Amino acid sequence: MKKLILVIFCFVLFACEKQDGFSDKVTLVYSTNVHGLIEPCSCKEKQVGGLPRRVTAIDSLRKANKSILVLDSGDLLFKNRIVSEFDLIQDKIKAETLAEGFVFGGIDVMNVGDYELAAGIDFVKSLETKFKMPYVSCNLIDEKGKLLFEPFKVFEFGSVKIGVFGVTALEEITSRETKRILNHEPVTASKIVVEALKKKNCNVIIGLLDVYQETVKKILMENPEINFAIVTDNFIPNGKVEFTKKQWTLKALDEGKHLGILTFNAAEKESLSSFISSELILEPEIPDNPKMAELLKKAKEIINSKEETVRSELLTKGNFLFVTEKKCKTCHLEQHEFWKTTRHANAYQTLREKKQHLDNSCIGCHTTGYGKEGGFIRPIEVGNFANVQCEMCHGVGQFHVGKDKMIVRKPEEKTCLSCHEVDHTDYFNYKEYLPLISCTNAKK
Ligand code: HEC
Ligand code: HEC
Ligand code: HEC
Ligand code: HEC
């Protein structure tokens with residue numbers, strides 16, 4: 001844990017140890033928007049994030065302070081609001097691994113974000129049962145008006161009582177479940193739950209809010225008792241809420257790259273506005289938790305074995321927009337020979353070596369036409385679409401082959417950037433890189 005970036009808001013902290021090793025000095029550890037990522041890809045050298053490092057980091061924070069709460073404001077399980085039937089098998093395995101890993105890493109409260117519902121409510125419920133995932137949501141209800149999850153959880157450390165509640169956004173829910181899941185209006189539901197927490201004499205109230213900026217604002221205005229709001233909306237800045245001055249919004253970076261950390265002395269009401277807030281980047285220097293790493297390895301093996309047996313019946317037969325490099329080769333042998341010397345022609349083998357050629361989160365940039373019309377749908381069906389082929393740069397060749405030009409001569413920078421994006425490359429410069437892969441080199 002070398003790099004602890006400390007963003008110090010205020011610096012008045014007195015740790016007063018209580019019996020049982022609990023102190024009034026409470027540490028909140030929070031994450032948001034993990035979006036189905038069990039580990040970072042291996043495209044760049046020093047990737048941050050991943051479950052095995054998360055577990056190690058939380059373990060050592062817990063050793064430093066027993067009064068710790070690990071929270072997540074939602075959108076953990078899936079990348080999209082709806083999972084396609086082709087991705088369902090492996091995305092569910094990844095989601096289960098995330099749930100198991102979060103519980104293993106000691107998650108205390110997990111809000112149900114709207115992305116959690118992408119594979120259906122029964123799936124989320126199954127994680128609650130199977131792994132004891134500590135879900136909360138104060139506004140998701142069934143047809144009979146009954147709450148689907150616990151609305152809040154209460155924790156006691158020393159003389160401190162902390163209430164944590166969750167709110168789910170359903171404004172944009174496109175899940176197949178819309179009929180079975182209803183929602184109470186988030187602001188009203190928050191008022192009810194905050195009243196309940198006040199009755200329980202909570203000195204600190206924390207909201208895990210998976211709602212848009214406007215709704216966050218309303219919830220905080222209506223409930224001045226809320227001290228901290230851990231949010232998922234990327235438009236909300238980390239820090240003091242301008243219009244109330246006494247409330248704070250907190251957000252960690254997406255995809256589990258960071259853990260947000262906040263330490264405050266809960267015994268002193270005034271000190272709630274003086275605390276230390278920092279971000280812990282999950283860097284490669286943080287060792288993997290061995291048990292978590294093993295769990296992850298198993299999950300990837302299961303994904304591979306399941307994907308090896310599936311075949312989609314829905315392959316777009318007869319609609320071969322992509323003609324593949326095999327066809328281009330018949331007329332452009334020289335360029336083909338040159339292409340074979342570039343790393344693009346080896347991109348699929350790279351995934352094979354990592355045993356991740358069946359992983360739907362990798363294959364898109366290391367092959368041709370994945371998920372596109374006339375391409376392929378399931379990783380196992382890669383066939384002639386393996387590697388970054390001609391058509392990923394020159395456009396689909398169906399109308400070019402043997403006829404008029406109908407082809408892109410010089411790929412634009414944005415074509416390259418669709419794969420060479422920041423999360424997957426240490427360095428990319430169009431002007432510098434273009435000559436390296438330009439097929440005009442073939443003539444030289
Ligand atoms: C049946 C033969 C044939 C096939 C197959 C073929 N091409 Fe061509 N291609 C041509 C001909 C002929 C030209 C024109 C050559 C010229 O202008 O000197 C051409 C030109 C091009 C050019 C240059 C266009 C320009 O504006 O100067 C590109 C790029 C190209 N082809 C890419 C591809 C790709 C990619 C594929 C596979 C998807 C492919 N070709 C398949 C025959 C073919
Ligand atoms: C479909 C995705 C995709 C597109 C589009 C793409 N690339 Fe790549 N590129 C890759 C992948 C994946 C690798 C790494 C392959 C490997 O080593 O397995 C790579 C590697 C490279 C490398 C080698 C980098 C190195 O460090 O050695 C260069 C150079 C490069 N690409 C340039 C370009 C340029 C320029 C464009 C646009 C004209 C482009 N690429 C378009 C996916 C893509
Ligand atoms: C958004 C596109 C994209 C996705 C998704 C993607 N990659 Fe890559 N990958 C790239 C690009 C671009 C490069 C070339 C990076 C460079 O050298 O600049 C690359 C390079 C690599 C390399 C070679 C690194 C090296 O320097 O030798 C490995 C290994 C790799 N990727 C594995 C993966 C795995 C595993 C996944 C899935 C978890 C994945 N990739 C998902 C775009 C992608
Ligand atoms: C990473 C992107 C990329 C890939 C992959 C790629 N090309 Fe190119 N290709 C280029 C660029 C860039 C040029 C040069 C355009 C220019 O400067 O006018 C080019 C030029 C060409 C030309 C025109 C050559 C000339 O001398 O006039 C042909 C033909 C061509 N490519 C065919 C292919 C074929 C066939 C494949 C697959 C085997 C392929 N390309 C793969 C980027 C790519």
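## Three ligand shells in a predicted model

Helix α13 contributes four residues to the shell around ligand 2, the most of any element. The structure is a predicted model.

### The chain

The protein chain contains 13 helices and 15 strands. Of its 444 residues, 42% are buried. Among contacts with a separation of 6 or more, 71% join residues that are 24 or more positions apart.

### Ligand 2

The shell around ligand 2 holds 20 residues, and the closest of these are R343, A347, T350, C416 and C419. Besides α13 (430-437), the helices α9 (347-353), α10 (363-366), α11 (390-394) and α12 (413-417) each supply at least two residues to this shell.

### Ligand 1

Around ligand 1 there are 16 residues, with C328, C331, C390, G397 and R409 the closest. Two elements, α7 (324-329) and α11, give two or more residues each to this shell. The most come from α11, which gives three residues. Helix α11 also supplies at least two residues to the shell around ligand 2.

### Ligand 3

Ligand 3 is surrounded by 20 residues, of which C41, C43, C362, C365 and T425 come nearest. Both α9 and α10 supply at least two residues of the shell, and α10 has the largest share, with three residues. These two helices also each give at least two residues to the shell around ligand 2.

Where does ligand 3 lie relative to domain 1 (4-296) and domain 2 (316-443)? Both domains give residues to the shell around ligand 3, so this ligand lies between them.

### The shells by residue class

The table lists the make-up of each shell.

| Shell | Nonpolar | Polar | Charged |
|---|---|---|---|
| Ligand 1 | six residues | six residues | four residues |
| Ligand 2 | 12 residues | seven residues | one residue |
| Ligand 3 | seven residues | nine residues | four residues |

### Helix α5

Helix α5 spans residues 213-222, and its buried residues are T215, V216, I219 and L220. Seen down the axis of α5, these buried residues fall within an arc of 135°, so they line one face of the helix. An α-helix has 3.6 residues a turn, so residues three or four places apart point the same way.

What covers the buried residues of α5? The cover includes the strands β8 (160-168), β10 (204-210), β11 (228-231) and β13 (248-250), together with the helix α4 (186-199).

Definitions and conventions: Residues numbered from 1 in each chain as written. Chains lettered and ligands numbered in written order. Predicted model: local features only at pLDDT ≥ 70, side-chain atom pairs only at ≥ 80, totals over all residues. Near = placed C-beta within 6 Å. Nonpolar A, V, L, I, M, F, W, Y, C, P; charged D, E, K, R; others polar. Buried ≥ 20, exposed ≤ 12 C-beta atoms within 10 Å, placed from the backbone. Contact = placed C-beta atoms within 7 Å. Arc of directions from axis to C-beta. Domains from an automatic or database assignment.
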